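Colleague: Could you pick one part of this model and take me through it closely? I'd like one connected account rather than a list.

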Amino acid sequence: MEKAKLETVARMLVDAQRLVVLTGAGMSKESGVPTFREAHDGLWARYDPTSLATPGAFRRNPKLVWDWYTYRRELIAGSAPNPGHHALVALEDLLPQVVIVTQNVDGFHQQVGSSDVICLHGNIQENKCFDDCQGKPTLVDISRLEWDAETGPPTCPYCRQALVRPNVVWFNETLPVAVLERAQQLSQDCDVMLVIGTSGVVYPAAYLPMIAHQSGATVLEINPSPSGISQIAVQRLAGGSGELLPLIVDLIRQLKST
Ligand code: OAD
């Protein structure tokens, strides 16, 4: 990575009054969590993750989808936030306002202490009733339930009819209204948006950088490959966020001390 390009991005960030950081699966790549659209290993290699993450897939084969999420949960539990996650926490001490809007369900931003994290797609460690029988969302603590895990997900302890599912947003489902509205408002109001590790093809998340761009914000990107966002980014740093974010934070510190 050319130092001059890193410095340009650091200079754009150091002046940000209202920064929004939009993160996707690439943010956790250097933690060892595979991204959504790359091939998986072993047992799950023959499944397309995007065809498992749907309400229809769960209705057709709840055990398959539940087992896929058990696999993802174990992967995340065996991984840890990377230096990129920590660098975003450090950024909060250097800039007036930093809000993270994430498509990730791994909880790594919250784990390292980022103070304002909007989770667009839910939290993989939580579960809820498939029918949201007690209202949206009807969270279920499965550690209190006894069931034969070999048969798939447990039954909701409230309605005793619907199955329990992960509390994540699937394809063909709408995002929680208040969460999406806040993300859209912040995208409209920010002066800089830093987009990290997303292919920019899943809406409405992929629309947020467009809102920022149309509202006059500077859009910056960190991604080793071009994405659906790259066209509107004034700078794309082609590399991993775990490697580049700490370098950028160091440069911002230097700029602020001179
Ligand atoms: P994707 O898997 O579509 O894209 C991951 C992006 O990360 C790609 O553009 C990679 O080039 C980039 N990348 C890879 N390694 C990286 C690294 N070390 N540093 C930075 N970037 C890196 O993931 P998302 O765009 O997050 O939604 O996917 C969006 C949504 O689609 C997910 O939240 C999920 C999925 O289906 C739902 O489950 C609703």
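Modeller: Let's take the open sheet: six strands in the order β3-β2-β1-β6-β7-β8, with parallel pairing. (Strands pair if DSSP finds at least two bridges between them; helices, H or I of at least four residues, and strands, E of at least two, are DSSP runs numbered from the N terminus.) The edges belong to β3 (117-119) and β8 (235-237), each with a single partner strand, so one side of each has no neighbour in the sheet. From one strand to the next, the twist averages 20°.

Bear in mind that this is a predicted model, where local features need pLDDT of at least 70 and side-chain atom pairs count only at pLDDT 80 or more, while totals for chains, interfaces and linings use all residues. Residues are numbered from 1 along each chain as its sequence is written, and side-chain values use heavy atoms, with hydrogens and water left out.

Back in the sheet, β1 (residues 19-23) and β2 (residues 98-102) run parallel and are joined by five bridges. Leu22, for instance, has Val101 in β2 as its bridge partner. Two helices lie across these strands. Helix α1 (residues 3-14) crosses β1, β6 (192-196), β7 (218-222) and β8, at about 125° to β8. Helix α7 (residues 177-189) lies across β1, β2, β3 and β6, and runs at about 130° to β3. (Axes are lines fitted to C-alpha atoms, for helices over the stretch in contact, with angles from 0 to 180 degrees between N-to-C directions; contact means heavy atoms within 4.5 Å.)

Now for β4 and β5, which are not in that six-strand order. Arg165 sits in β5 (residues 164-168) and counts as buried because its relative accessible area is 2%. (Buried is under 20%, exposed over 50%, partly exposed in between, with a 1.4 Å probe and protein chains only.) The Arg165 side chain gets to the backbone oxygen of Val168 at 2.6 Å. Leaving out residues up to four places away in sequence, Arg165 touches Phe58, Trp66, Glu126, Asn127, Lys128, Cys129, Phe130, Trp170 and Glu173.

One of those, Glu126, lies in β4 (residues 122-129) and is partly exposed at 31%. The side chains of Glu126 and Asn167 make a polar contact of 2.7 Å. (That is a pair of N or O atoms within 3.5 Å; within protein, one must be able to donate a hydrogen and the other to accept it, and residues adjacent in sequence count only if both atoms are side-chain atoms.) With the same four-place exclusion, the residues Glu126 touches include Arg73, Leu139 and Pro166.

The loop between β4 and β5 has some backbone oddities. Pro137 is in that loop, and its peptide bond from Lys136 is cis, with omega near -10°. Asp132, also in the β4-β5 loop, has a positive phi of about 45° without being a glycine, and is buried at 14%. Arg160 is in the loop too; phi there is near 55°, but Arg160 is exposed at 66%. Another cis bond joins Tyr203 and Pro204, with omega about 10°; Pro204 is in the loop between β6 and α8 (208-214).

Zooming out, the chain has nine helices and eight strands. Of its 258 residues, 50% are buried.
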